[in-house]
Amino acid sequence: MGELVLLGDEALALGAIDAGISSAYGYPGTPSSEIMEYVLKYSETNDGIFASWSSNEKTAYEEALGASFVGRRVLVTMKHVGLNVAADPFMNSALLDIKGGFVIAVADDPGMHSSQGEQDSRYFAAFARTMCFEPRNQQECYEMTREAFEVSERFHIPVMIRLVTRLAHSRAVVNTAPVKPQNPMEKTDNTKGWMLLPALARKNWASLLERQSSFLEYTTASEYNPLTINSDFTEFGVITSGLGKNYYDEAKQELPELPSHLHISAYPVPVDKVRELAENVKKIIVIEEGCTFIEDYLRGYLPQAIEISGKQDGEVPLTGELNPDNIRKSLGLAAKDGHATDMDIPGRPPQLCKGCPHADTYAALNEAREAFDNSIVTSDIGCYSLGALPPHNAIETIICMGASIGTAKGAAEAGFKPVVSVIGDSTFLHSGISPLIDAVSCNTPMTVVILDNGTVAMTGGQTTIMPSSRLKTLIEGIGIEAGHIKTIIPLKKHHAENVEIFKTEMNYQGISVIIALRECLETAKKKKSGGSK
Amino acid sequence: MKYDIILAGVGGQGVLSVAAGIATGAMLQGLQVRQSEVHGMAQRGGAVMSHLRISDTEIPGDLVGEGSADMILSMEPLEALRYLAYLKPDGKLVTASDPFINIPNYPDEELIKSKVDATGAGVVVDAKAIAKESGNLRAANMAMVGAASTFLPVEQKNIEKAIENMFASKGDTIIEQNIKAFRAGRG
C-alpha cells in the first residue's frame with residue numbers, strides 16, 4: 001500500500017499485479033506499451049509473475065488464455081488495432097468458461113497520435129457480448145483493473161479495460177491497496193466450456209446470452225456508473241464516458257445550473273439509468289471519447305420524444321480527441337481568449353533519427369528505382385513508415401501490420417513489375433511470415449526488404465522476439481532460394497554496392513529477400529549506457 | 001490555487017525531464033500534479049507538447065484548455081509560438097533563445113524573436129550559455145526550469161530537491177552542474 005506517481009498504463013499494470021496475476025502477455029503498440037513494460041520490470045525483481053512480449057497480439061491472447069485455463073489470473077495488453085489481430089481468440093474467448101480472472105487491456109488512440117486508425121474498442125466488447133471498464137484517471141486505472149479481475153471470475157468472461165492515449169500517457173498520484181495472493185494452479189473442471197465444437201459452442205453461446213442480464217444488473221448497480229438528478233433544471237442533461245467527464249467537470253463550474261448527469265464507465269450501458277436521466281430532461285448531450293457508441297444506442301432509428309446531441313449533430317467533433325475546448329463549446333460556453341501571432345508557423349513532423357539505418361536503405365532503394373520506368377514500394381508499420389515523408393518519399397503504402405508483403409504479392413500477380421515490399425524485423429515476425437510463405441508458394445516476382453535493426457524501435461526499443469542471427473535461417477527454411485537472400489549493411493560507404501543489389505533483385509523474376517542489417521541507434525545507445533530505459 | 005503549463009519543444013530535447021523536475025518539486029511541496037506526455041511516433045524529432053497542471057485541489061483533466069495556460073515553457077523559440085492560443089492573456093512565454101533547426105523551412109531567427117517580443121509575455125533565456133557556464137551542456141533544461149521557477153507556485157528548495165533526486169544516480173558532479181544551471185536560470 002502507498003502512494004505512487006504513475007502513468008495510466010503503469011497504474012493499470014500495478015492494478016493487475018496487486019490483483020494477483022500470475023502472468024502477463026502482450027505486443028508493443030503505442031499507447032499501450034508501458035503496461036507490459038511495467039509488469040516486465042516488476043517481474044525482474046519479484047518472483048512469481050511470468051511476463052513476456054509475444055510475436056503478435058493473437059499469440060499473446062492465446063498464451064494468456066492458457067493461464068486462465070489452469071486457474072491463474074492473467075493480463076494481456078495491446079493497442080486498439082492490435083485487438084483486430086487478436087479478434088479471433090478475443091471473440092471466441094467470450095464463449096469460454098473463463099476460470100482464472102482474464103483481463104484484456106486495450107489502449108485506443110483517438111486523434112491518431114501514433115496509429116493508422118481511430119477505433120473504439122467498446123464496440124469489440126459489445127460485439128463479443130462481454131464487459132468493459134473505461135477508467136478516466138490513474139486511480140481508476142488501478143481500481144477498475146482490480147475490479148475487472150473480480151468481475152471476470154464472477155461472470156466467467158474475459159473483461160476489457162479500455163484506455164485512451166491521454167490517460168495511458170499521463171501521470172498522477174495513485175493510492176494502492178493490499179496485494180491479493182495469486183490463485184492456486186488448478187485446471188478447470190469444465191473442459192467442455194473450453195471446446196468450441198459446434199454442439200458445445202451453441203450451448204456456450206446460449207449461456208453467454210443468458211448471462212447478459214446479470215452483466216446489466218452489475219453495471220446498473222455499479223458505483224462506476226453514477227447518476228445525479230437535478231429535477232430543478234430540465235433543459236438538458238449530460239452523459240459522459242471516459243475522459244469526457246474530466247473536461248465536463250471543469251467546464252460545468254461555469255454553467256448557470258448543474259444539469260443532471262450520468263457518467264458511464266462500466267459496460268454494458270446501464271439502460272435503466274439512461275432512462276431515468278431521460279425522464280428528467282428535455283435533451284441529452286452525449287460526451288464520449290471515440291466513436292458514437294453510447295449516442296447511437298440513444299438515437300436508434302426511430303423518432304423519439306427526447307432530443308439527443310453529440311457527435312452525430314456535430315456539437316462534439318466526430319473525429320479526434322475530446323479536450324477542454326471542444327467540450328466547453330458543446331455545453332454552450334464561450335471560448336477563452338488566448339494569444340496569437342500573425343507568423344506562419346511551419347509544421348515540424350516527426351522524422352527518422354540522424355544516422356538511422358532506414359535512411360541509408362531508403363537512399364539506396366530510391367536510387368535503384370531510378371533504373372526502372374515505374375515501380376511500387378509497399379511498406380508497413382514502424383519507424384520506417386516515416387519514409388513516406390520528405391526527404392525520403394520512398395514508400396507508397398502503409399496499411400496494417402504485415403500488409404506490405406501481401407499487398408506487394410497482389411500487385412505483382414496483377415502484372416506490375418518491379419514490386420518491392422519494405423518491412424521491419426519485428427513487424428515481419430509479427431505477421432509478415434505468412435504472406436511470405438504465400439509468395440514462396442507462387443514464386444511471385446517481388447523483392448521483400450527486411451529492415452533488421454534488431455529492435456521494436458517505434459514503441460520504445462523493446463527486444464525483438466527473435467534475434468537477427470536466426471532471421472536468415474527462418475527465411476531459408478520457408479523456401480526462399482539461398483542465392484536470392486541477400487544481406488546488406490545500410491551505411492553510406494556501402495551505398496553503391498547496395499544500389500546494385502537492389503537493382504539485381506528487382507530484375508529477378510522470382511521471390512527474393514534483402515535483409516538490411518544494422519542496429520537501431522537508440523538501442524545501441526541504450527546498450528552502451530547499460531540501462532534498459 | 002492552480003497553475004497550468006504547456007511545455008513545448010522538439011522530440012529528443014528533454015521536454016519530459018523539464019516536466020519531471022517541476023512536477024516532482026510541486027509534489028514535494030504537497031501539491032497535486034497531472035502531467036500529460038507524448039510517446040511513440042509523435043516524439044521522433046517532431047514538435048512535441050506536454051501539459052503540466054499543478055493545483056492545491058483536485059485536478060479533473062490532464063489537458064490545459066486554450067486561453068488557460070499560465071505559462072508556455074519552450075525549449076526552443078519557434079515551438080514557443082506554436083501553442084500561443086493556449087496562453088492566458090496575462091500568461092508568461094518562457095523560451096530558450098537557441099533555435100533547433102531540423103526542417104528546411106525554419107523561419108528567420110530575428111523574425112521569430114520579434115514575434116516572441118510582440119506577445120508582451122516573452123521571457124527569453126540563453127539556456128545554452130548558462131549550461132556551458134555550469135560545465136554541462138545538457139544542463140540547459142534545468143536552466144529553463146530555473147527561469148520558469150521564478151513564476152511558479154513551487155519553492156526553490158523543493159525544485160532543487162527534485163533535481164537532486166532526478167540526477168541521484170548520475171553522481172554529485174552532474175547534480176551540482178544541474179543545480180548551478182537551475183540557479184543561474186533563475187537569474
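**Strand pairing and packing in chains A and B**

User: Which residue is the bridge partner of Leu73(B) in S5(B)?
Analyst: The model is a predicted one. Five bridges join S4(B) to S5(B), and the two strands run parallel. In S5(B), the bridge partner of Leu73(B) is Val94(B).

User: How many of the ten residues of strand S5 of chain B are buried?
Analyst: Strand S5 of chain B covers residues 87-96 and is mostly covered. A residue is buried if 20 or more other C-beta atoms lie within 10 Å of its own. Of the ten residues in this strand, the number buried is eight.

User: Which strands are the edge strands of the open sheet of eight strands?
Analyst: The order in this sheet is S1(A)-S8(A)-S2(B)-S3(B)-S1(B)-S4(B)-S5(B)-S6(B), with mixed pairing. Neighbouring strands in the sheet are turned by 20° against each other on average, direction ignored. The edge strands, each pairing on one side only, are S1 (3-7) of chain A and S6 (122-125) of chain B.

User: In S2(B), which residue does Arg171(A) stand opposite?
Analyst: S8(A) is joined to strand S2 (residues 32-36) of chain B by two bridges, and these strands run antiparallel. Arg171(A) stands opposite a residue of S2(B), namely Gln35(B).

User: Which residue of S8(A) stands opposite Leu6(A)?
Analyst: S1(A) and S8(A) run antiparallel and are joined by five bridges. Opposite Leu6(A), in S8(A), stands Ala172(A).

User: What angle does the direction of helix H1 of chain B make with that of S3(B)?
Analyst: Helix H1 (residues 15-28) of chain B packs on the eight-strand sheet. The helix touches S1 of chain A, and S1 (2-10), S2, S3 (47-55) and S4 (69-74) of chain B. Its direction makes an angle with that of S3(B) of about 5°.

User: Which element gives the most residues to the side of chain A that touches chain B?
Analyst: The contact between the chains involves 38 residues of chain A and 40 residues of chain B. Strand S8 (170-175), helix H10 (244-252) and helix H13 (324-330) of chain A each supply at least two residues of the chain A side. That side divides into 17 nonpolar, twelve polar and nine charged residues. With four residues, the element that gives the most is H10(A).

User: Why is one side of S3 and of S12 of chain A left without a neighbour in the sheet?
Analyst: The open sheet of seven strands in chain A has the order S3-S2-S4-S5-S7-S6-S12, with mixed pairing. Strand S3 (50-53) and strand S12 (266-267) stand at its edges, so one side of each has no neighbour because each has a single partner strand.

User: Which residue in S12(A) does Phe133(A) stand opposite?
Analyst: Strand S6 (residues 131-133) of chain A and S12(A) are joined by two bridges and run antiparallel. Opposite Phe133(A) in S12(A) stands Ala266(A).

User: At what angle does H3(A) run to S4(A)?
Analyst: H3(A) spans residues 57-69. The helix lies across strands S2 (21-26), S4 (73-79) and S5 (102-108) of chain A. Relative to S4(A), H3(A) runs at about 170°.

User: Is Phe69(A) buried or exposed?
Analyst: Phe69(A) lies in helix H3 of chain A. Beyond its neighbours up to four places away in sequence, Phe69(A) touches Lys99(A), Lys187(A), Thr188(A) and Trp194(A). Because 20 other C-beta atoms lie within 10 Å, Phe69(A) is buried.

User: Is Lys58(A) buried or exposed?
Analyst: Lys58(A) is also found in helix H3 of chain A. Not counting residues up to four places away in sequence, Lys58(A) touches Val85(A), Ala86(A), Asp88(A) and Pro89(A). With 22 C-beta neighbours inside 10 Å, Lys58(A) therefore counts as buried.

User: What is the handedness of the crossing of H5(B) and H7(B)?
Analyst: The axes of H5 (residues 140-149) and H7 (residues 172-186) of chain B come within 6 Å and cross at roughly 40°. The residues of this contact divide into eight nonpolar, four polar and two charged. The crossing is right-handed.

User: How far apart are the end C-alpha atoms of residues 380-470 of chain A?
Analyst: UniProt, in an unreviewed entry, places the feature "domain: Thiamine pyrophosphate enzyme TPP-binding" at residues 380-470 of chain A. Over these residues the chain is 31% helix and 21% strand. The distance between the end C-alpha atoms is 21 Å.

Note on methods. Residues are numbered from 1 along each chain as its sequence is written. Chains are lettered from A and ligands numbered from 1 in the order in which they are written. This is a predicted model: local features need pLDDT of at least 70, side-chain atom pairs count only at pLDDT 80 or more; totals for chains, interfaces and linings use all residues. A residue is buried if 20 or more other C-beta atoms lie within 10 Å of its own, exposed if 12 or fewer, and partly exposed in between; C-beta atoms are placed from the backbone. Two residues are in contact if their C-beta atoms, placed from the backbone, lie within 7 Å. Axes are lines fitted to C-alpha atoms, for helices over the stretch in contact, and angles run from 0 to 180 degrees between N-to-C directions. A crossing is left-handed if the near helix is turned anticlockwise from the far one by less than a right angle, and right-handed if clockwise. Ala, Val, Leu, Ile, Met, Phe, Trp, Tyr, Cys and Pro count as nonpolar, Asp, Glu, Lys and Arg as charged, and the others, Gly among them, as polar. UniProt positions are given in the numbering used here, feature names are shortened, and annotations may be inferred rather than shown by experiment. Two strands pair if DSSP finds at least two bridges between them.
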